[in-house]
Structure formats: structure tokens, C-alpha cells
Amino acid sequence: MSDERLAQLPPKLQQVVKALGSAPKVLKTEMLLEFAKKMPPLPEGMEAKLEQVHECTTPFFVHAELEGPTVHLFFDAPKEAPTVRAFAGMLAEGLEGESPETVLSVPEDFYTLARLEEVVTPLRLRGLQAVLARIKRQVREALSA
């Protein structure tokens with residue numbers, strides 16, 4: 001795992017990536033299921049603000065908003081879609097409450113440091129990349145509003 005690339009990530013996301021990246025392949029799936037359970041529940045009335053990430057094969061929705069100097073993330077995905085729920089749990093744990101600048105500086109392919117390709121298909125990983133890209137676009141739009 002590249003220490004230099006890892007240093008580009010905010011501390012909470014570093015912890016997520018380090019834990020997954022150092023886990024043996026057999027444990028990685030279990031860890032992803034734990035992250036799926038950590039996907040935060042959607043607050044009442046948030047549905048209208050969500051944007052679908054069409055690159056995901058499963059219906060997946062995201063909304064990023066600024067409250068003062070911090071980014072708040074909201075996700076929605078079917079309960080029977082543990083992989084995308086795991087991505088939401090990872091991103092929520094790693095980026096919730098960070099500054100816009102911190103969120104915007106996360107490399108699009110940060111997940112390669114977690115070696116997720118060992119247990120997740122390339123199509124799903126492109127979906128994760130699309131979710132992060134969507135979050136970044138929404139943060140940029142909120143900054144310029």
C-alpha cells in the first residue's frame with residue numbers, strides 16, 4: 001500500500017482503506033458486509049434531494065450538502081444490495097463531516113488502496129468511482145451556489 005497515496009486521504013477514510021487493504025481476502029467480504037450495515041438511514045424528506053447514480057447496476061442514490069464548513073452525505077440503496085450499501089457505509093464513515101476541500105481532494109480510485117478488486121467486480125468498482133465523482137460534483141455545485 002502506497003504511504004504517499006494513503007496520505008492523500010482524510011484520516012477516517014485512511015482507517016477504512018488500511019483496514020480493508022490489510023485484511024486477507026477471506027475477511028474482506030465480511031468487512032464489506034459490516035460497512036453495508038453502517039450505511040446511515042435516510043432522514044425524513046431527503047428523498048427529493050437524492051440523485052441517482054446511473055453508473056451503478058443497482059438503484060443507488062446520493063446527495064451531498066454543505067452545512068457551514070462541513071459536508072454531509074446521504075445515501076439510499078435497496079436492502080438486498082449489500083455491495084453498494086457497503087460503498088455507502090465506507091464513504092459515510094470516511095468522509096462524513098469533512099471539509100469540502102478534503103472531500104474534493106480524494107483520488108477517484110482511492111479504493112485501489114483497499115485492494116477491493118480482490119472481492120468486487122470491476123463493474124461494481126466503476127460504480128463506486130461514479131458515486132465519489134457524483135459526491136464531488138455536488139460539493140462543487142454547493143460551493144458555487
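This report describes the sheet, the salt bridges and the aromatic pairs of a predicted model.

## The sheet and the helix packed on it

The strands of the model form an open sheet of three, in the order β1-β2-β3, and their pairing is antiparallel. Strands β1 and β3, the latter spanning residues 70-76, are the edge strands, since each of them pairs on one side only. Between β1 and β2 (residues 61-67) the antiparallel pairing runs over two bridges, and at one position glutamine 52 has phenylalanine 61 of β2 as its bridge partner.

Helix α6 packs on this sheet and touches β1, β2 and β3, with a direction that makes about 35° with that of β2. This helix, which covers residues 122-144, also carries arginine 134, a residue that returns below as the partner of a glutamate in β1.

## Salt bridges between strand β1 and helix α6

Side chains of opposite charge can pair when their charged atoms come close. The count for this model comes to 11 salt bridges, and one of them joins glutamate 51 to arginine 134, with a distance of 2.9 Å from N to O. Glutamate 51 lies in strand β1 (residues 51-52) and arginine 134 in helix α6, so the salt bridge ties together parts of the chain that are 83 residues apart in sequence.

The two partners differ in their surroundings: glutamate 51 has a relative accessible area of 25% and is therefore partly exposed, whereas arginine 134, at 12% relative accessibility, counts as buried because its value is under 20%. Their contact also belongs to a wider arrangement, in which salt bridges with shared partners join Glu51, Glu55, Arg134, Arg137 and Glu141 into one network.

## Salt bridges at glutamate 118

Glutamate 118 takes part in a salt bridge with lysine 28, in which the closest N and O atoms are 3.3 Å apart. This pair links distant parts of the chain, 90 residues apart, with lysine 28 in helix α3 (residues 25-37) and glutamate 118 in the loop between α5 (100-104) and α6. Lysine 28 counts as buried, at 0% relative accessibility, while glutamate 118 is partly exposed, with a relative accessible area of 26%.

The side chain of glutamate 118 also meets that of arginine 115 in a salt bridge, at 2.8 Å from N to O. Arginine 115 has a relative accessible area of 33%, so this residue is likewise described as partly exposed.

## Aromatic pairs

A pair of aromatic rings is described by the distance of the centres and the angle of the planes. The model has two aromatic pairs. In one of them the rings of phenylalanine 60 and phenylalanine 75 have their centres 6.0 Å apart and their planes at 35°, so the pair is classed as tilted. Phenylalanine 60 sits in the loop between β1 and β2 and phenylalanine 75 in strand β3, and this pair thus links parts of the chain that are 15 residues apart. Phenylalanine 60 is buried, with a relative accessible area of 1%, and phenylalanine 75 is buried with a value of 1% as well.

The rings of phenylalanine 110 and tyrosine 111 have their centres 6.2 Å apart and their planes at 75°, and because an angle over 60 degrees counts as edge-to-face, this pair is placed in that class. Phenylalanine 110 counts as buried at 1% relative accessibility, and tyrosine 111 counts as buried at 9%.

Definitions and conventions
Residues numbered from 1 in each chain as written. Predicted model: local features only at pLDDT ≥ 70, side-chain atom pairs only at ≥ 80, totals over all residues. Heavy atoms only, no water. Salt bridge = Lys/Arg side-chain N within 4 Å of Asp/Glu carboxyl O. Helix = DSSP H or I, 4+ residues; strand = E, 2+ residues; numbered from the N terminus. Buried < 20%, exposed > 50% of the residue type's maximum accessible area, 1.4 Å probe, protein only. Pairing = 2+ DSSP bridges. Contact = heavy atoms within 4.5 Å. Axes fitted to C-alpha atoms, helices over the stretch in contact; angles between N-to-C directions. Phe/Tyr/Trp six-rings, centres within 6.5 Å; stacked < 30°, edge-to-face > 60°.
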